[in-house]
Amino acid sequence: MTPAPLFFRFKDSYSNLPAHFYARVAPVAVAAPRLLLFNPALAEELGLDPVALAPWAHLLFSGNRLPDDAAPIAMVYAGHQFGHFVSRLGDGRAVLLGEVIDRKGRRRDIQLKGSGKTPYSRQGDGRAWLGPVLREYLVSEAMHALGIPTTRALAAVMTGERVLREQPWPGAILTRVAASHIRIGTFEYFAARGDHQAVRLLADHVWARHFPGREVQGDRYLALLQAVTERQAFLVACWMLVGFVHGVMNTDNMTVSGETMDYGPCAFMDTYHTETVFSAIDHWGRYAFGNQPDVAAWNLARLAETLVPIMGLEEKVALERSRAVIHGFSGQFRQFWLDGMRRKLGLGSCVVEDVALIEDLLAVMQTGAADYTLTFRRLCAAAMDASADEAVRGLFAQSAAFDGWMVRWRARLQQDALGIQERYVSMQAVNPAYIPRNHRVAEALDAAVLQGEIGPFERLLTVLRHPFTDQPDMAEYADPPPRSWQRFQTFCGT
Ligand code: AMP
Ligand code: MG
């Protein structure tokens, strides 16, 4: 029996770009697809009907059945990986099924990741395994719930095949949703070939797609650099405010839309330290927590290099102005970050001394090895009532320095116009109780991968969908890890 046709109502735009921007390639069917996770709320948002999809979900999200209007492609890109330029990367284990216009009128990519070999696979099997697929599903959805721009997870399917890494693991495919999968590395691919016409087409596409309605003053491509810079400044500020370490900020993993992408070795900090590195391959700490703003600026300079040749400006002027944009990054980042920190500390107003107040708290947290997330969460109650101070103080190894800081903070709150209740509510809304703690993520993944038990993962995901709401039955998910977890490492896990 032939199944009834199934349409996602794709409105592809990227594949209208010239043929050398991508390869037409279909997902490679898998042996025994089984739907493990599905995100009905996101499906609805995309204008898909979860009920109509249900009988076909395991086939659609494994690539065993294509929606009838799909014209899948793999995108080509390049990138600087740990500072070294690789002139051709591309979707080596992913295909873009297509683009839909969601219910809010936004264009969204729907991509299968782990869907088999493509012309860009070079080495590698084009597959993904369950551990990293679940990790990305969980952390990207947690980031979304935290209000941070990110790619999303629509589904996870087990393939019924084994994927050979250091040992064989169960294969899986993630369906990823993004504003687009265009990266800084996409620009670099064409620029490296001297294909300025392609860079121009790509830039025009990105402008129309990600910055519609934004006015252009002066040169259009300088304006694009400025616009992407702003988005990245905002994004990295969001990361820094929640203690997120991306872990692999290569230019091929940095979107121009300003969404967080590529959740390989990422992790959230428990105890605060600017030098925190989780990735086992980041030997030099290039992508350490505190380096993230500088790395983002470095990446944007790589984008600038691709745009300078197409700017309608004399080269010297184009370079000068691009440099000014990149130099502007740190000020923009700093402003987003300071605004966020003021909100975290319950400050409705803004005085010059706030900068020192904020920086001193971080310094005291670092020397006191305090838990980043819990410190801010517990300060919410302390802002209302000094009897809650003890719970914050207990997080610091040296409480004297913390006590000194508290005196200053209290004095500052006195000058601030926010009402007590209002402050409490606004602090709770920006200081999460729940983040994807490494030990909880590991526990949930181990249960799924080693015992075939998805319950712990689902429970954790449910908690993380409401990070700002106290969930008394789930209180232990707010707890930091036992001491033995201090040296936790992540792996790229391709
Ligand atoms: P990532 O580390 O996921 O950012 O990937 C870097 C590059 O390696 C990208 O071009 C990927 O498509 C490619 N790649 C990663 N894993 C695989 C795999 N299992 N098979 C083929 N290509 C891969
Ligand atoms: Mg990548």
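Visitor: How far is an oxygen atom of ligand 1 from an N or O atom in the side chain of N253?

Guide: In this predicted model, the side chain of N253 approaches ligand 1 through an N or O atom, and its partner is an oxygen atom of the ligand. A polar contact requires a pair of N or O atoms within 3.5 Å. The separation for this pair is 3.2 Å.

Visitor: What share of the area that ligand 1 exposes when taken alone does the protein bury?

Guide: Taken alone, ligand 1 exposes 480 Å². Of that area, the protein buries 82%.

Visitor: Which residue places a backbone N or O atom 2.9 Å from a nitrogen atom of ligand 1?

Guide: For R165, an N or O atom of the side chain lies 3.4 Å from a nitrogen atom of ligand 1. The 2.9 Å distance instead involves a backbone atom, and this atom belongs to G126.

Visitor: How many charged residues does the shell around ligand 1 have?

Guide: Ligand 1 is surrounded by 18 residues, with G90, G92, D125, G126 and D262 the closest. Domain 1 (14–178) and domain 2 (184–342) each supply at least three residues to this shell. By class, 2 residues are nonpolar and 9 are polar, while the number of charged residues is 7.

Visitor: Does S15 count as buried or exposed?

Guide: S15 belongs to the segment before β1 (22–24). Setting aside residues up to four places away in sequence, S15 touches Y22, R24 and I73. Buried means under 20% relative accessible area. Because its relative accessibility is 12%, S15 counts as buried.

Conventions:
Residues numbered from 1 in each chain as written. Chains lettered and ligands numbered in written order. Predicted model: local features only at pLDDT ≥ 70, side-chain atom pairs only at ≥ 80, totals over all residues. Heavy atoms only, no water. Near = heavy atom within 4 Å. Polar contact = N/O pair within 3.5 Å; in protein donor to acceptor, adjacent residues only side chain to side chain. Areas by Shrake-Rupley, 256 points an atom, 1.4 Å probe, with all protein chains shown as cover. Nonpolar A, V, L, I, M, F, W, Y, C, P; charged D, E, K, R; others polar. Domains from an automatic or database assignment. Helix = DSSP H or I, 4+ residues; strand = E, 2+ residues; numbered from the N terminus. Buried < 20%, exposed > 50% of the residue type's maximum accessible area, 1.4 Å probe, protein only. Contact = heavy atoms within 4.5 Å.
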